[in-house]
Amino acid sequence: MSHQTGIEASDDLLAFFARSKEGEVRVIRVDIEDEQLVLGKSVDTVGSWEDDFDKLIQPLLMEKQPCYILYRLDTQNDMGYEWVFLSWSPDFAPVRQKMLYAGTRSTLKKTFGGGQIKEEVFGTTVEDLSLDGYKKHLDSQEAPAPLTFAEEELQFIKKNEVNAEIGVDSKHQSMPGVTFPISQDAADKVQELKMGELNYVQLSLDIKNERICLENTDDTSTAELPSRVPTDQARYHLFVFKHTHEGDYMESIVFIYSMPGYKCSIKERMLYSSAKSPLVDILENHLGLELIKKIEISDGAELTEDFLQDELHPKKNAVKQAFAKPKGPSNRGPRRMTKQRPEEAAVENNNDVEEQGSVI
């Protein structure tokens, strides 16, 4: 796992996150102290989410100190209660602090669980993080853009292009992901696969309803796996690859993302590509699935026994080639004779005299 600033959550914060999602906690403030994400303060639920919004959030905002606010709504999705992620970066805060919090934001989001975060709001003034400011944010998100269908697709592509993100200690590129909630029946089948009751689960994106749905759970052998891959639609596959390697029997769960090239629309290609990483995060960190290998293919015919073996156990070149001295040029002429230095010639003559005396 890579982090923009190398800052991670403390053990106490992780433990609190685990306890805070039952519905009693309304708001959590997270600070950065001693190169760690730590719990700044938490407040329990008092009234409805609208009644509590300004009363509980405003006192947590300091004039010159950035922080993160996680605010629980009263609505739920398949992952549990939905939360709003508020990033507070006041204008008068030190520049280094602003950069530090900006560079660690995605780490906190992933640590908390992106599937439960409904909205993200960035604020530099108190009004930005008020209830009125939050509702204005929602209105701006829902306002339809006066664009043609082609222009909307182009806007979607630009929105999901690779962006350079600069942290305090690093500079790298990352692709923002689109998080879709996973349906309950799909999550149940993933758990059955985890327990060994299934060996294949196929998932799809319901683009209209913005969720990940279950498509297929038929018992599948390695030979049958290529036939499960649609030729005109993208899919996500979870397959238990049963095989032997170096005499050991193994059952490895493989995540396969199949995208049949340009047979899919631009929007579908971009959504499946952007939703892949958040889905993997849900499978591994929320549903507890151990994915041994993640594979991308364009044609189901690629999924042969040999292909999967090579992906899971790449062959190593054990033969190390000996160093071969390069030959000199063919036309370099005869070897040069070097003239001996006087002192070298004297030493050589003395040696000859000593050898002759010993013979006599």
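Begin the tour of this predicted model by selecting strands β9 and β11, which are joined by four bridges and run antiparallel. Within this pairing, Leu203 stands opposite Tyr236 of β11. Colour β9, residues 200-206, by accessibility: six of its seven residues are buried, so that the strand is mostly covered.

Next, extend the selection to strand β10, residues 211-216. This strand pairs with β9 in the antiparallel sense over five bridges. Leu203 is again a useful anchor, since its bridge partner in β10 is Leu214. The two strands form a hairpin with four residues between them. In that turn, select Glu210, whose phi is positive, at about 55°.

Return to β11 and add β12. Strand β11 covers residues 235-245 and β12 covers residues 248-258; the two run antiparallel and are joined by eleven bridges. To find the register, select Leu238 and its bridge partner in β12, Phe255. This hairpin has two residues between its strands, and Glu246 takes a positive phi near 55°.

On to the next neighbour of β12. Strand β13, residues 293-297, runs parallel to β12, and five bridges join the two. Here Tyr257 has Glu296 of β13 as its bridge partner. To follow the connection, trace the chain from β12 through helix α7, residues 266-286, to β13; this β-α-β crossover is right-handed.

The aromatic side chains are the next stop. How many aromatic pairs does a search of the whole structure find? The search gives eleven. Select Trp49 and Tyr134 as one example: their ring centres are 5.9 Å apart and their planes meet at 90°, so the pair is edge-to-face. Trp49 belongs to helix α2 (residues 49-57) and Tyr134 to helix α4 (residues 131-142), so the contact ties together parts that are 85 residues apart in sequence. Both Trp49 and Tyr134 are buried.

For a stacked example, select Tyr236 and Phe255. Their ring centres are also 5.9 Å apart, but the planes are at 25°, so this pair counts as stacked. Tyr236 lies in β11 and Phe255 in β12, so the pair ties together parts that are 19 residues apart in sequence. Tyr236 is buried, with a relative accessible area of 1%, and Phe255 is buried as well, at 2%.

Go back to Trp49 and widen the selection to Phe53, Tyr71 and Tyr134; together these four residues form one aromatic cluster.

Two cationic side chains placed over rings come next. At Lys21, the charged end sits over the ring of Phe112, 4.3 Å from the ring centre. At Arg72, the ring concerned is that of Tyr81: Arg72 lies over its face, at 4.6 Å from the ring centre.

Finally, clear the selection and display the whole chain. It has nine helices and 13 strands. Of its 360 residues, 39% count as buried. The exposed area is about 22000 Å², and carbon and sulfur atoms supply 48% of that area. What share of the contacts with a separation of 6 or more comes from residues 24 or more positions apart? Such residues account for 61% of these contacts.

Methods:
Residues numbered from 1 in each chain as written. Predicted model: local features only at pLDDT ≥ 70, side-chain atom pairs only at ≥ 80, totals over all residues. Heavy atoms only, no water. Buried < 20%, exposed > 50% of the residue type's maximum accessible area, 1.4 Å probe, protein only. Contact = heavy atoms within 4.5 Å. Areas by Shrake-Rupley, 256 points an atom, 1.4 Å probe, with all protein chains shown as cover. Pairing = 2+ DSSP bridges. Right-handed = clockwise from strand over helix to strand, strands pointing away. Phe/Tyr/Trp six-rings, centres within 6.5 Å; stacked < 30°, edge-to-face > 60°. Lys NZ or Arg CZ within 6 Å of the ring centre and 35° of its normal.
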